[in-house]
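Colleague: I would like to understand how the descriptions of this model follow from its coordinates. Could you take me through the reasoning, one label at a time?

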Amino acid sequence: TSLSGKYANSNDYDLEAGFVEPRILNGDWSLGVSGAYRSFTHRYFTNLEVPEKQQSVSLMIGKRIYELITLNISIKHSQIQQLEDTFIFEEFKASGIKNSLSFGFLRRDLDNYLDPRSGTFISANHKIFGSFAGGDFHFMESNLDVKYYFPIDFSNNYQLFLLYHLKCLI
């Protein structure tokens, strides 16, 4: 379960709520839902900032296939609204519906899922926007996220660790 909010000013804030059941009925299946509302200023160029609002909802289904490896599929629906019609080219207009279908896998080998101190986390996914998912935007993106937690033990009273984080977007 997650609930997060960020507030910078009256035009820049973010609210998000989500729930993931990592093991439905203590089995190999997982299920997650989330929703978000964002109001922000998107900077396209140095002197071109456009205020936008975005609402989104998503559903994720996953299945553990081998020990620590989980495959998942998710769908996401987003409604984006530009609050000003300031843009240089028609292609920069971002208002519309953005639907995506995502396929991915993750491998978690952590000592503690809530507060990890050692282990690895690897996640890769491929998102398809538009086409058979519908919507006004048509593109694809791939992500690779690798985290390595390395504990540093110098005292029994303090727990310290280094986090190496690599994130690739293609």
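Modeller: What follows goes from the whole chain to single residues, and I should say at once that this is a predicted model.

Colleague: Happy to start there. What makes you write the chain as β-β-β-β-β-β-β-β-β?

Modeller: The assignment gives nine strands and zero helices, and reading along the sequence then yields β-β-β-β-β-β-β-β-β. The C-alpha trace spans about 55 × 40 × 30 Å along its principal axes.

Colleague: How do you know whether the sheet is open, and in which order its strands lie?

Modeller: The nine strands follow the order β1-β2-β3-β4-β5-β6-β7-β8-β9 in an open sheet with antiparallel pairing. Its edge strands are β1 and β9 (160-169), each of which pairs on one side only. From one strand to the next, the twist averages 15 degrees.

Colleague: Why are β1 and β2 said to pair?

Modeller: Two strands pair if at least two bridges are found between them. β1 and β2 (residues 12-21) have seven bridges, in the antiparallel sense, so by that cut-off they count as paired. One of the bridges has Asn9 with Asp12 of β2 as its partner. With two residues between them, β1 and β2 form a hairpin.

Colleague: And what joins β3 to β4?

Modeller: There the antiparallel strands β3 (residues 29-45) and β4 (residues 48-66) are joined by 16 bridges. As an example, Val33 has Leu59 in β4 as its bridge partner.

Colleague: How many bridges join β6 to β7, and how many link β7 with β8?

Modeller: β6 and β7 (residues 119-129) run antiparallel and are joined by 11 bridges; Leu101 has its bridge partner, Ile128, in β7. β7 and β8 (residues 139-152) also pair in the antiparallel sense, over 11 bridges. Phe121 is bridged to Lys147 in β8.

Colleague: Now to burial. Why is Ser100 called buried?

Modeller: Buried means under 20% relative accessible area. Ser100 has 7% relative accessibility, so it counts as buried. This residue is found in β6 (residues 96-110). Leaving aside residues up to four places away in sequence, Ser100 touches Ser74, Ile75, Lys76, Ile128, Phe129 and Ala133.

Colleague: What makes Gln55 partly exposed?

Modeller: The middle class lies between under 20% for buried and over 50% for exposed. Gln55 has a relative accessible area of 31%, so it is partly exposed. It lies in β4, and beyond residues up to four places away in sequence it touches Ala36, Tyr37, His77, Ser78 and Gln79. Gln55 and Arg38 are 17 residues apart in sequence, and their C-alpha atoms are 6.5 Å apart in space.

Colleague: Why is Tyr158 called exposed?

Modeller: Exposed means over 50%. Tyr158 has a relative accessible area of 58%, so it is exposed. Its place is the loop between β8 and β9. Tyr158 and Arg107 are 51 residues apart in sequence and 28 Å apart in space, C-alpha to C-alpha.

Colleague: Which phi values do Asn26 and Glu67 have?

Modeller: Asn26 has a positive phi of about 60 degrees, although it is not a glycine. Glu67, also not a glycine, has a positive phi of about 45 degrees. Asn26 sits in the loop between β2 and β3, while Glu67 is in the loop between β4 and β5 (69-82).

Colleague: Are those two buried or exposed?

Modeller: With the cut-off of over 50% for exposed, Asn26 at 62% counts as exposed. Glu67 has a relative accessible area of 57%, so it is exposed too.

Colleague: What makes you say that β1 is hardly covered?

Modeller: Among the eight residues of β1 (residues 2-9), the count of buried residues is zero. For the chain, buried residues make up 26% of the 170 residues. Its accessible surface comes to about 11800 Å², and 58% of that belongs to carbon and sulfur atoms.

Colleague: Lastly, how are the charges placed?

Modeller: The chain carries 16 positive and 19 negative side chains, with the centres of the two sets 4 Å apart.

Note on methods
Residues are numbered from 1 along each chain as its sequence is written. This is a predicted model: local features need pLDDT of at least 70, side-chain atom pairs count only at pLDDT 80 or more; totals for chains, interfaces and linings use all residues. Side-chain values use heavy atoms; hydrogens and water are left out. Buried means under 20% relative accessible area, exposed over 50%, partly exposed in between (1.4 Å probe, protein chains only). Helices (H or I, at least four residues) and strands (E, at least two) are DSSP runs, numbered from the N terminus. Contact means heavy atoms within 4.5 Å. Accessible areas come from the Shrake-Rupley method with a 1.4 Å probe; for residues, only the protein chains shown count as cover. Lys and Arg count as positive and Asp and Glu as negative; His and the chain ends are not counted. The place of a charge is taken as NZ of Lys, CZ of Arg, CG of Asp or CD of Glu. Axes are lines fitted to C-alpha atoms, for helices over the stretch in contact, and angles run from 0 to 180 degrees between N-to-C directions.
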